[in-house]
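User: I am new to this structure and want to learn how to read its empty spaces. Can you take me through it step by step?

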Amino acid sequence: MQDEPKKIPEDPGEKHRTTESSALRNAWEIEAKARREAELKERERQAAEAEAAYQAREEYAKELAEEKVDLIRLKQGVISDSDKIFRGEEPEKHYTVWQKIGNWFYHAKWWLGIATFIGLVAAFLIYDFVTRVDPDVRVLLLTDCPALYAQTEQLNAWLSDKCIDYNGDKKVIAETVYIPVSKESMENSGNYSAAYNSQLLVQFQTSTCMLVLVDPEAEKYLQPEDMFLDMTKIYPDCPYAEGRRLLIDGTNFAELIGMTEPLHKGTYLTLRIPAENMNTQEENQEAYDRAKALLDSILEELEPVS
């Protein structure tokens, strides 16, 4: 008879570990079940909220559509009233006089700004027109002579004494237009050169200045044979006349206008040929007659100097 196998006594520690493992598994399963139930409830809640939001949007869209239909029917006169369109009337507001004025200025500020600007410009133009004094005659000075330019005011006064009131404004005024024509000013002065050239062109496109003072340096930028009259034909007995020139550098002209330095050698006075592209024939003739009368008066006071 074989010996029966010996029973190994149960290990108390092993039994304890098995019991502990079963308890942890049960706790984990309970927790997992609880989480699943919570997730299912959250999904149900979200689905319910989404459904409620969808129903609300649908209801709102339906109301808008009904309001739109009723509004169209109201405009077409199909119906006279609708309970779907709210026409709440705000209580009438009562403003003080100053509030009404302030409100009007607030809403009209842009138009008021524009109107004010236009008014100021118009006022300036009117003032300029009313107060502006038009000269009776103008003389064009084409010479880069600082000494002459410095005596412009005295030269204008001297010329005014030899004029008459041509425009009938009870004021006798002669003015000069000074353009410093020289190689330096016409070619080497950057933007100033362009301005001087443009100014020179403008002056010879109008009949404003028919009497011209020119020096040899400025003559290089002109075409005397096409621009100036023959002075020997107009003043055949004048000792200063040489072709298109009335030479004044050898006269007392500089002294008469208060210059302390002499004019450039070869400086002369001359009259322009009225061009067809200037003003009307009557205006050209009137400007020429004024310039000729002024030149006659100038020649009466000129004397040769040694």
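Analyst: Start with the parts list. This is a predicted model. The protein has twelve helices and six strands. Of its 306 residues, 29% are buried.

User: How much surface does the protein expose, and what share of it do carbon and sulfur atoms supply?

Analyst: The exposed area is about 22,300 Å². Carbon and sulfur atoms supply 55% of that area.

User: What share of the contacts with a separation of 6 or more joins residues 24 or more positions apart?

Analyst: The share is 68%.

User: Now the empty space. What is the general idea?

Analyst: A probe the size of a water molecule is rolled over the atoms, and this shows where empty space is left. If the probe fits but cannot get out, the space is a cavity. An open space with protein around it can count as a pocket.

User: How many cavities of 30 Å³ or more does the structure hold?

Analyst: One. The largest cavity holds about 40 Å³ of space.

User: Which residues line the largest cavity?

Analyst: Here is the list: Val-139, Leu-141, Leu-155, Leu-159, Leu-211, Leu-213, Phe-253, Leu-269 and Ile-298. Three elements give two or more residues each to this lining: strand S1 (137-142), helix H5 (152-160) and strand S3 (209-214).

User: How does the lining of the largest cavity divide by class?

Analyst: Nine residues are nonpolar. None is polar and none is charged.

User: Let us look at those elements. How many residues of S3 are buried?

Analyst: Six of six, so S3 is mostly covered; buried here means under 20% relative accessible area.

User: How does S3 pair with other strands?

Analyst: Take its partners in turn. S1 and S3 run parallel, joined by five bridges. In that pairing, Leu-140 stands opposite Val-212 of S3. S3 also pairs with strand S6 (residues 268-271), in the antiparallel sense, over four bridges. There, Leu-211 has Leu-271 as its bridge partner. Leu-211 is also one of the residues that line the largest cavity.

User: And H5? Which of its residues are buried?

Analyst: The buried residues are Thr-152, Leu-155, Asn-156, Trp-158, Leu-159 and Ser-160. Among them, Leu-155 and Leu-159 also line the largest cavity.

User: What do the buried residues of H5 pack against?

Analyst: They pack against S1, helix H4 (146-150), strand S2 (174-179), helix H11 (253-256) and H12.

User: Now the pockets. What is the volume of the largest pocket?

Analyst: The largest pocket holds about 380 Å³ of space. Its lining has 16 residues. Nearest its centre are Arg-138, Ser-207, Thr-208, Ala-287 and Arg-290.

User: Which element supplies the largest share of the lining of the largest pocket?

Analyst: Helix H12 (281-301) does, with five residues. S1 also supplies at least two.

User: How does the lining of the largest pocket divide by class?

Analyst: Five residues are nonpolar, five are polar and six are charged. Set that beside the largest cavity, where no lining residue is charged.

User: What is the volume of the second largest pocket?

Analyst: Its volume is about 170 Å³. Of the 14 residues lining the second largest pocket, those closest to its centre are Asp-249, Thr-251, Ala-254, Glu-255 and Pro-262. By class, this lining has six nonpolar, five polar and three charged residues.

Notes: Residues numbered from 1 in each chain as written. Predicted model: local features only at pLDDT ≥ 70, side-chain atom pairs only at ≥ 80, totals over all residues. Heavy atoms only, no water. 1 Å grid on protein atoms, 1.4 Å probe; cavity = no way out; pocket = protein on both sides within 12 Å on 5 of 7 lines; lining within 4 Å. Points joined across faces, edges and corners; volume = space filled by probe spheres on them. Nonpolar A, V, L, I, M, F, W, Y, C, P; charged D, E, K, R; others polar. Buried < 20%, exposed > 50% of the residue type's maximum accessible area, 1.4 Å probe, protein only. Pairing = 2+ DSSP bridges. Contact = heavy atoms within 4.5 Å. Areas by Shrake-Rupley, 256 points an atom, 1.4 Å probe, with all protein chains shown as cover.
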